[in-house]
Every structure is written in C-alpha cells, then in structure tokens.
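Biologist: I would like to go through this model and ask how each term is earned. Please set the values against the definitions.

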Amino acid sequence: MSSVLVVVEQRDGALRKGASDAIAAARLIADASGGTVDALVASDRAVSGVDGLGAMGADRVLNVTDGAFAHYNPDGIVAAVSGIAEQYRAVVVAATATGKDLAPRIAASIGGPCGMDVTAVEATASGVTVTRPIYAGKVLQVLELSGTPVVAVRPGTYPAASAGKAGAQEALAAPTFTRRLEVTGIKGSARASLDVAEARVIVAGGRGLGDPKHFAVLEDLAAAFGGEAAVGASRAVVDAGWIEHGAQVGQTGKTVAPELYFAIGVSGAIQHLAGMRTSKVIVAINRDKDAPIFKVADYGIVGDLFEVVPALADAVRKAKAH
Amino acid sequence: MKICIPIRRVADTTAKVTIAADGSSANEAGIKFVLNPYDEFALEAGLALKEGAGAGEVVALAFGPDSAQETLRTALAMGADSAVHLQGTPSPDGLVNAQVIADHVKGGGYDLVLFGKLAVDDYNQQTGAMMAELLGLPCATAITSLSVAGGVATVEREVEGGVETATCSLPAVFTCDKGLNTPRLPSLKGIMAAKKKPLEIVPTSAGEGKARVVSLSLPPERTAGVIVGEGAAAVPALMDALISKSKVL
Ligand SMILES: Cc1cc2nc3c(=O)[nH]c(=O)nc-3n(C[C@H](O)[C@H](O)[C@H](O)COP(=O)(O)OP(=O)(O)OC[C@H]3O[C@@H](n4cnc5c(N)ncnc54)[C@H](O)[C@@H]3O)c2cc1C
Ligand SMILES: Nc1ncnc2c1ncn2[C@@H]1O[C@H](COP(=O)(O)O)[C@@H](O)[C@H]1O
C-alpha cells in the first residue's frame, strides 16, 4: 500500500495537459514510502504519448481499452479505479475540468477524502498533506488527508520528475459498470482560439475596449504570439455579452496561471485578480494610472489601449520573426 | 418535478479574509455573509424549471449552524417553496457533508438535485459529485446549459478547448456554473413571503472526516512592479523587459 495510482486524461487518442504534474506529484508521495507509480489510461483506441509516461515518472502504464471510453465516461473510470484502489495509498489526477469532475466521484466510491486543486503535496506517515488556495486564492489552506486520499493537482504547478521510470505497458480489463451519464461529444467553443486555461500567454480585455468589435485588437495581439496565446476577459464584458463565458478569468470564471498575462482595459477588481494573480508575469495597459491592476502588475503602460496594443502587436511580431 | 437545492452560507467575495488566532480558521467578525454565488445559479435553474413546467416544488437545503437559516430565508425570498436546515458543523472533508445531504435527499422523492459548482470559501468543488456517487445517481458537474424533457436531462459543460454535451435520465444531480443563467434578485414581495414559508429544522449526526485543516495562511502579496512608460512610446521598454529581464518572449 505504498504505491500511487494516477488517472491520466486523454481525448480522441491524445494525452491531455496535466499528466506530468499529476505523475510528478504522485512520485513524491510514492517515493516517501518506497512505492511505485501506476498510470491508468482509459480509451477506445491506442493513445499516442503513453510511451512517454515512463519518462514522466510512471513505473507502469495500465491501459484500459474499450469502446465505452470513446468519450469521457466518468462512471466507467470510477469503476475501473475502485476495482484496483485497495492496492494504492493515494489516487492522483490533474485538476483540469475533467479531473475536477472525476476526483470527487472516485473519492466517494473509495471512501477517501478529496484534496481539490492542490498546488503542493507532501507525504506524511499518516497520509498526505496538501496545500491549496481557498477563498479565491486569498488564503492558502494546508490540509491533512488520511485514508486513501484522491488528490487533484493544479496543472503547471509541478516540474516534471527528474528521473524517468520504465513505464511498462500493461493491459487492464475493462470494468463492468452502469453508465448513468452519457457524454455525447465535444463541440468546439464558439471561438476557435486556444482556451485560456491552456495558453502560455493570455491577452485579457475589459470594459475599456468600449465595444465588442474591439476584441479584434486583442485577437491581433494574441495572433502575434503565433498559436500560444488565448484571449481572455473580465466578467463585465462577459456579462455584457461581448465574449463567451469560457473566456472569463476570475472568481466566477477560470483560474489561470500563464507565463504572461496582459490585462488590457481591465481595472483589476479583486474578483478578477483572484483568477490571475499567480500568473508568472503580469502586464497592465490602462489609461488610468491609479487603476488597481497596476498594484499587481510587473510592468505597466499608462495609455490608450487603441494606441498601445497595435504597436505592441507589431513589436511582438518583429521579435518573433528573429 | 421536485427539486432540491443544497446551499451554503459563505463570506462575501469582496470580504477581506483574516486568519483567526487558532491558525486554522478564518475570522468571521465583521464579515458579510451571503448565499454562495454558484448556488444562486442552481436556485435560478430550479425555479425556472418549475415555472416552465407550471408545477413543481423547489426545496432549499443547508447543512450548518443556526446562521444557515438566514441564508435559507434568502433562498425562500428568491422563490424556493420551502427550506430544510440540517443542523451541524460542515467538515473540511466534503464527503462528510455529502453524506449528510445524501441522507436527507435519499427518500425525499427528488427528481433533480442542483448544487453550486463550488463554495467560494472552501473551494472544495466536490460535494455534489460525491453525493451523486453515494446515492448512485447520474451526475454532471459545472454545467452551463440544462434542459429537461420527458424524464431526460441534456446538459453542457465547458472543458478545455470545447463544450462537452451529455444526457442522463432523472433523477439526476448537477452542479451549476456561471453561464447557466442570470439569477433573479429577491423581490420585496418575495422577502415578505419568505417569512411565512416553511423552514424545517433537522438535527444531524455527521461522521468523522478524513481531512483536517492543519493551517491557513495568507499568500505573499504580489508587489507592484514598474510603470515602464506612457502610450505607444513605452512599447520598446516593455518589450525589452519581457525579453531580457523576465525572459517570457
Ligand atoms: C460575486 C462576484 C463575482 C465576480 N467574478 C468576477 C470574475 O470572475 N471576473 C471578473 O473579471 N470580475 C468578476 N466580478 C466583477 C468585478 O467586481 C468587476 O466588476 C469587473 O472585473 C470589472 O470589469 P472591467 O475591469 O472590465 O471593467 P471596469 O472596472 O469598468 O474597468 C475598465 C477599465 O478600463 C480602463 N479603460 C477604459 N478605456 C480605456 C482605454 N481606451 N485604454 C485603456 N484603458 C481603458 C479604465 O481605466 C478601467 O480601469 C465579480 C463580481 C462579483 C460581485
Ligand atoms: N454545508 C452545506 N450545506 C448545503 N450545501 C452545501 C454545503 N456545502 C456545500 N454545499 C453544496 O455543494 C456545493 C459545492 O460546495 P464545495 O464542494 O464545498 O465547494 C455548494 O455550491 C453547495 O451547493
């Protein structure tokens, strides 16, 4: 009971972001008691990238291949995990939309506590101690979990494990289960661009844009980063219907931690900051030099966004061309 | 259709949270408490379904100390028909709370149980899905769209890079995200009516949890950086900082 199980997420036969964070965190727990890390992948076909899970730190890769896993199938994954859970001291997932959906279901089915969206993990004699932001990031909570805990690790918080493991591929029989929820598919979001939760760079706009059509200015800056930037937004413009809800950053939107966050025409309300304050570098562009956003920004430009942002997009394009 | 809305009393999102002397709880003094914002989406969804069907019953339910009754009155003022106060102290282990709620929901004849996606105090994001699992009910979390017809629910939820669609039969459990609807405000008439609506008080015995709060702390403040300049003329200085100093370009 010193080993740790990681449930790895895949979609359409490709691994999703977060696997390396989850495996690195699982390694920390397993290594504290000399245990191993198993990665479970449930899919309807061979998944590209599973041969790389060993390099991330998995000793074994348990492949459950069955037509029932063509789409996300929480009831099936819970059954697969609870069938083998007694071999493990903890279960780890990445805290993506899917991982956050899965973790509490697994926890309830195996009777363990659930440490949700954790940014640090430590193994103790009696269990696992996790650190997690609560109150929208205003407070850090250290929680001691006993029993067989299920831990959802926030993507981007763990560096990849330094030493790889064998990653031996094994097949695991599909579980028997009752499908209570039927996922019927995934539609692309209204906006074809990258999701804010996955982007390295976020270009976020607020009411300072003045008009929904002015999001084009931000899209142009995002495009200058060549496919690694997403357009985000404050709640004020989401509620006004200028952009879809999926783009909202903050307390009632997404929590993001990109390498580079541009807050453009965003005042920096506490609920907005809650969603982006852990970004590595924050740049604020606002015509009001007293806007609260400047209090958290690493770099600020005071000025009219319609003048600054196009010049910035040009400069980024030139820098990228080198 | 009989719909249950589990709700939670939480600190207002603008509240400045401070740590109590015990080092493991938040000070409550001077804080304004409100109905958890995500539970407003759940309640609105329940009320809209009832109104759409022209019949049904919406029951708000809270597990907590006596102060939970104030929050239940808010839900009644928004339009819930009745309220249930499950007396006790919520645990940091969501599974304990889920079990207490499950004990009430089981045998309650509910067609739908609508939770909030998360409570803005503990950010546990787990109670709804756990309760569904405990009762063996179908569940989808963080839904942004819900329609019910002929005993079947169709939902949408946002995942990275898209919108997942799913269906299940009732009874079912969903947790509600922003984007689902725009919650109504309690009307004056609603507030008056709420005083006369039934509020049942039920003692509970919650189990021992497997999560213990070791400590709470305030994260390091992000310090203000530099204003690199004004207008488009400041762009070269910004680029220089991003490339040479922060190395993010
Ligand atoms: C329960 C609750 C939850 C909330 N959740 C969220 C959330 O998740 N996310 C969120 O963002 N908000 C959230 N809010 C709302 C939040 O309080 C603010 O109202 C919102 O963030 C303000 O949006 P904004 O910055 O776009 O608009 P404003 O505050 O109006 O700011 C606009 C800014 O643009 C600047 N500006 C104007 N014109 C220009 C120009 N031409 N060039 C440059 N700058 C210009 C102005 O100086 C100003 O600073 C929530 C509120 C509540 C009560
Ligand atoms: N003490 C409680 N009483 C009733 N419902 C609760 C309680 N705690 C949490 N909930 C419900 O569970 C949802 C998610 O809460 P949490 O899992 O704590 O983030 C909330 O939005 C409520 O709908």
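Modeller: The model is predicted. Start with one term: a polar contact is a pair of N or O atoms within 3.5 Å.

Biologist: What makes the pair formed by ligand 2 and the side chain of B:R8 a polar contact?

Modeller: A nitrogen atom of ligand 2 lies 3.1 Å from an N or O atom in the side chain of B:R8. The cut-off is 3.5 Å, so the pair counts as a polar contact. Two backbones also pass: a polar backbone atom of B:P6 is 2.7 Å from an oxygen atom of ligand 2, and a backbone N or O atom of B:G116 is 2.9 Å from an oxygen atom of ligand 2. The protein buries 100% of the 480 Å² that ligand 2 exposes when taken alone.

Biologist: Which residues come nearest to ligand 2?

Modeller: There are 19 residues around ligand 2, and B:P6, B:D39, B:F63, B:Q125 and B:T127 come nearest. To be counted, a residue needs a heavy atom within 4 Å of the ligand. By class, the shell holds 10 nonpolar, six polar and three charged residues.

Biologist: Which element gives the largest share of the shell around ligand 2?

Modeller: That is β4(B), with three residues. Both β4 (57-64) and β6 (112-116) of chain B supply at least two residues of this shell.

Biologist: Why is the site of ligand 1 called shared between chains?

Modeller: Residues from chains A and B surround ligand 1, so the site is shared between them. The shell has 26 residues, the closest being A:S234, A:T252, A:S267, A:Q271 and A:N286. It divides into six nonpolar, 15 polar and five charged residues.

Biologist: How do you know that A:H272 makes a polar contact with ligand 1?

Modeller: An N or O atom in the side chain of A:H272 is 2.8 Å from an oxygen atom of ligand 1. That is within 3.5 Å, so the pair qualifies. The protein covers 79% of the 990 Å² of accessible area that ligand 1 has on its own. The space taken by ligand 1 is the second largest pocket.

Biologist: What makes chain A as compact as a globular protein of that length?

Modeller: Chain A has eight helices and 18 strands. Its radius of gyration is 21 Å, close to the 20 Å that the globule rule gives for 322 residues, so chain A is as compact as a globular protein of that length.

How values were computed
Residues numbered from 1 in each chain as written. Chains lettered and ligands numbered in written order. Predicted model: local features only at pLDDT ≥ 70, side-chain atom pairs only at ≥ 80, totals over all residues. Heavy atoms only, no water. Polar contact = N/O pair within 3.5 Å; in protein donor to acceptor, adjacent residues only side chain to side chain. Areas by Shrake-Rupley, 256 points an atom, 1.4 Å probe, with all protein chains shown as cover. 1 Å grid on protein atoms, 1.4 Å probe; cavity = no way out; pocket = protein on both sides within 12 Å on 5 of 7 lines; lining within 4 Å. Sits in = over half its atoms within 2 Å of the grid points. Nonpolar A, V, L, I, M, F, W, Y, C, P; charged D, E, K, R; others polar. Helix = DSSP H or I, 4+ residues; strand = E, 2+ residues; numbered from the N terminus. Rg over C-alpha atoms; globule rule 2.2 N^0.38 Å.
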